[in-house]
Amino acid sequence: MKDAVTSPLVQADGSLTNPGYMPGFGNDFETEALPGALPQGMNSPQKCNYGLYGEQLSGTAFTDVRPERTWCYRIRPSVKHSHRYEKVDLPHFRSAPDIHPDVTSLGQYRWDPIPHTDEPLTWLTGMRTMTTAGDVNTQVGMASHVYLVTESMQDEYFFSADSEMLVVPQEGRLRFATELGIIDLEPKEIAIIPRGLVYRVEVLDGPARGFVCENYGQKFELPGRGPIGANCMANPRDFKAPVAAYEDREVPSTVTVKWCGQFHETKIGQSPLDVVAWHGNYAPYKYDLRNYCPVGAILFDHPDPSIFTVLTAPSGQPGTANIDFVLFRERWMVMEDTFRPPWYHKNIMSEMMGNIYGEYDAKPQGFVPGGVSLHNMMLPHGPDREAFEKASNANLGPDKLDNTMSFMFETRFPQQLTQFAGKEAPLQDDYIDCWADMEKKFDGTPGKK
Ligand SMILES: [Fe+2]
């Protein structure tokens, strides 16, 4: 079959063109890779320019109060990128419910970074699910994954009908070549790939490792700012959607689909990344976490970590998120007469954390870049002994918390460990001991501190 590379997506040497982006969270974008490819003033003309097919991708029900949809003008309609399906197995890529009788999910857990091996792994074969929550079949809950990717997908494409994917790189650079354009991603950035969008993942610098939050529920949105007002935290203009880019490649290809927690393959004769122009508000996007402007206490005491929410995916219960994505990054600590690290607590929400780089203030040791911790629903946790003693006795001048970037996938649902997380991943058996030597200070003496 002829491999006709005539696309602006691919250069003569086979590499992809530089990506371009359009700013603004949830904007109604329009973009075309060829002049005049995008119809103006209407969505569905009798004949589209260049002989393209018009097609709508709907991310919400038609009658949603805030419909999210994108009109695509493509070389072939998507029905040509879908043939008979055969189930395939990706044993480490799990979906909720995934509960194992011989794995104990109740506990405070921490893992070292999952090491790379000699085995070549793609975005699909390298996905290692750590926890699942809720139920993929009823579109509630989430899964957390660590990806280990060493190989680019070759004439291989993927979409998840189950989920929106929040990608948090920790090591290496990846390229997401999607139907709607190209996103290049590196550590300190995140990307969101919407449900149903077809894409291929390539390794720009490997090996690549990072974290994925798979959101089964309503899409991520910016959190309500309340009295904070219009500025700081994550500003809408810093979110970037890709410009249109397409491939016109006639080559045998495979599309893998995640659907109701199961994987299915279909064989087609061309690249499905053939959208020449599009407009709409349902699109992938990226965000540079260095643009996140933290807001916090500037006199005394310690606010809830929700103050650091970058994105939130609502549930059916107002104020109670299916997922919050929370960022703990560099910031000044200035609070007077205050225990500055996170306080000890139990939480109805369950907290999966990952370290992107540096040192986390509540756990100076053991929670290392690439590592993961889990503090599940209603399980107590807080600073370790070292962090407690240091913070309790520090001279409280202005102090820059530097070289630190960790995040949390927090969900209203309890998180269940996968077999991989419980039995294969590098679990730190002694994590629970980080609180073992917390001493009893109380002896009834008034004024003792
Ligand atoms: Fe917590």
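Rings of Phe, Tyr and Trp, the last through its six-membered ring, count as a pair if their centres lie within 6.5 Å. In this predicted model, Phe93, Trp123, Tyr147, Phe158, Phe176, Tyr199 and Phe263 come together as one aromatic cluster.

Across the whole structure, the search returns 23 aromatic pairs. A pleasant example to start with is Phe239 with Tyr287: the ring centres are 4.3 Å apart and the planes meet at 15°, so this pair is stacked, given that planes under 30 degrees apart fall in that class. The contact joins distant parts of the chain, with Phe239 in strand S14 (residues 239-242) and Tyr287 in strand S18 (residues 285-288), 48 residues apart. Both partners are shielded: Phe239 is buried at a relative accessible area of 0%, and Tyr287 is buried at 1%.

Phe325 and Phe407 offer another geometry to look at. Their ring centres lie 5.9 Å apart and their planes make an angle of 40°, so the pair is classed as tilted. Here too, distant parts of the chain are linked: Phe325 belongs to strand S20 (residues 321-333) and Phe407 to strand S23 (residues 399-411), with the two positions 82 residues apart in numbering. Phe325 and Phe407 are both buried.

Aromatic rings in the model also meet charge. The charged end of Lys188 is placed over the ring of Tyr357, at 4.9 Å from the ring centre.

Technical notes
Residues are numbered from 1 along each chain as its sequence is written. This is a predicted model: local features need pLDDT of at least 70, side-chain atom pairs count only at pLDDT 80 or more; totals for chains, interfaces and linings use all residues. Side-chain values use heavy atoms; hydrogens and water are left out. Rings of Phe, Tyr and Trp (its six-membered ring) pair if their centres lie within 6.5 Å; planes under 30 degrees apart count as stacked, over 60 as edge-to-face and the rest as tilted. Helices (H or I, at least four residues) and strands (E, at least two) are DSSP runs, numbered from the N terminus. Buried means under 20% relative accessible area, exposed over 50%, partly exposed in between (1.4 Å probe, protein chains only). A charge sits over a ring if NZ of Lys or CZ of Arg is within 6 Å of the ring centre and within 35 degrees of the ring normal.
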